[in-house]
Amino acid sequence: MTKDAKADFWDRVDDVQAGMLGLTDNGKLVPMSPTLRKDRDGKIWFIAAKGEEIVNNTATAPKESRFVIADAKSGLYANVEGQLAQVNDKAILDELWNVVAAAWFDQGKEDPDVQLLCLTPRIAGCWFSTTSGVKFIYEIAKANITGSEPDQGYQADLTF
């Protein structure tokens, strides 16, 4: 069975609740909630707050960054590298605004501290695992009976 790893990646990122985002030049990662646009523009979006270190460090120019995902619910484990930039676009903010972001900003999307960040992925090392507990148990039982290795998913290196 041939898998479309890029399509699988985007489908699963859409289900990820949080990952760790940071700039590659300082190695510090912070938890952030990724969001995708409806048209799947090939970018990963974040709603951040002005004054945060990662926002301050991208104020003058896009920076090389990393987004690390380890999400059992979506079955996605990935290290995504690319350019992180600030974007000031009210229409995109309106599209991406959600209850998670609303919990962080007292004045909602009109809060002056709201800042959109956009990650344009360049490469990603991905591991796609099963999200089914029943399949996991079946594969472990089968491996113990037959001596075969359990099928727990697949790995792919992506270029965007």
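**Entry 1: Asp71**

I started with Asp71, which sits in strand 4, residues 63-71. Note to self: this is a predicted model. Which side chain of opposite charge is nearest to Asp71? I found Lys73, 6.9 Å away. Asp71 is buried and has no salt bridge. A salt bridge needs a nitrogen and an oxygen within 4 Å, so I wasn't going to get one out of that pair. Then I listed what Asp71 touches, skipping residues up to four places away in sequence: Asp15, Val16, Gln17, Leu76 and Tyr77.

**Entry 2: helix 1 and what covers it**

Next I looked up helix 1, residues 5-13. Which of its residues are buried? I got Ala5, Asp8, Phe9, Trp10, Arg12 and Val13. I also looked for what covers these buried residues, and the cover includes strand 3 (44-49), strand 4, strand 5 (76-87), strand 6 (114-129) and strand 7 (153-159).

**Entry 3: the cores**

In soluble globular proteins, nonpolar side chains tend to be buried together. I went looking for that here. The largest nonpolar core has 28 residues. Phe9, Ile44, Phe46 and Leu76 have the most contacts inside it. Which elements give two or more residues to this core? My list reads helix 1, strand 1 (19-23), strand 3, helix 2 (53-56), strand 4, strand 5, strand 6 and strand 7. Strand 6 supplies the largest share, 5 residues.

I picked Ile44 for a closer look. Leaving aside neighbours within four places in sequence, Ile44 is in contact with residues including Phe9, Trp10, Phe67, Val80 and Leu117. Pro34, Thr35 and Leu36 are also among the contacts of Ile44.

Apart from the largest core lies another one, of 12 residues. Ala49, Leu96, Trp97 and Val114 are among its members.

**Entry 4: Val114**

Val114 had just turned up, so I followed it up, as its burial is what a core member needs: its relative accessible area is 9%, which counts as buried. Val114 lies in strand 6. What does it touch beyond its neighbours within four places in sequence? I wrote down Ile47, Ala48, Lys50, Leu93, Trp97, Phe105, Gly108 and Lys109. I also checked Val114 against Trp104: they are 10 residues apart in sequence and 9.4 Å apart in space, going from C-alpha to C-alpha.

**Entry 5: the largest pocket**

How much space lies in the largest pocket? About 290 Å³. Its lining has 13 residues, and the closest to the centre are Pro31, Met32, Ser33, Ile47 and Trp104. Strand 2 (29-32), strand 3 and helix 4 (99-102) each give two or more residues to the lining. Strand 3 gives the most, with 3 residues.

**Entry 6: Ser65**

Back to strand 4, where I found Ser65. Is Ser65 buried or exposed? Ser65 is buried, because its relative accessible area is 1% and the cut-off for buried is under 20%. Leaving out neighbours within four places in sequence, Ser65 is in contact with Gly22, Leu23, Thr24, Val80, Glu81, Gly82, Gln83, Leu84 and Leu119.

**Entry 7: the loop between strand 2 and strand 3**

Arg40 lies in the loop between strand 2 and strand 3. I flagged Arg40 for its positive phi of about 50°, although it is not a glycine. Arg40 counts as partly exposed, at 35% relative accessibility.

Arg37 was my next stop. Which salt bridge does Arg37 form with Asp41, and how far apart are the closest N and O atoms? They are 3.5 Å apart. Arg37 also meets Glu95 in a salt bridge, 3.1 Å from N to O. Arg37 is in the loop between strand 2 and strand 3 and Glu95 is in helix 3 (residues 90-96), so this pair ties together parts 58 residues apart in sequence. Arg37 counts as buried, at 19%, whereas Asp41 is partly exposed at 24% and Glu95 is partly exposed at 25%.

**Entry 8: more salt bridges**

How many salt bridges are there in the whole structure? The search finds 12. I looked up the one between Glu64 and Arg122, which is 2.8 Å from N to O. Glu64 lies in strand 4 and Arg122 in strand 6, so this pair also ties together parts that are 58 residues apart in sequence. Both ends are partly exposed: Glu64 at 30% and Arg122 at 36%. Last note: salt bridges with shared partners join Glu64, Arg66, Glu81 and Arg122 into one network.

Technical notes. Residues are numbered from 1 along each chain as its sequence is written. This is a predicted model: local features need pLDDT of at least 70, side-chain atom pairs count only at pLDDT 80 or more; totals for chains, interfaces and linings use all residues. Side-chain values use heavy atoms; hydrogens and water are left out. Helices (H or I, at least four residues) and strands (E, at least two) are DSSP runs, numbered from the N terminus. Buried means under 20% relative accessible area, exposed over 50%, partly exposed in between (1.4 Å probe, protein chains only). Lys and Arg count as positive and Asp and Glu as negative; His and the chain ends are not counted. Contact means heavy atoms within 4.5 Å. A nonpolar core is a set of buried Ala, Val, Leu, Ile, Met, Phe, Trp, Tyr and Cys residues joined through side-chain atoms within 4.5 Å. On a 1 Å grid over the protein atoms alone, a cavity is a set of points where a 1.4 Å probe fits but cannot get out, and a pocket is an open set with protein on both sides within 12 Å along at least five of seven lines; lining residues have an atom within 4 Å of a point. Grid points are joined across faces, edges and corners, and a volume is the space filled by probe spheres set on the points.
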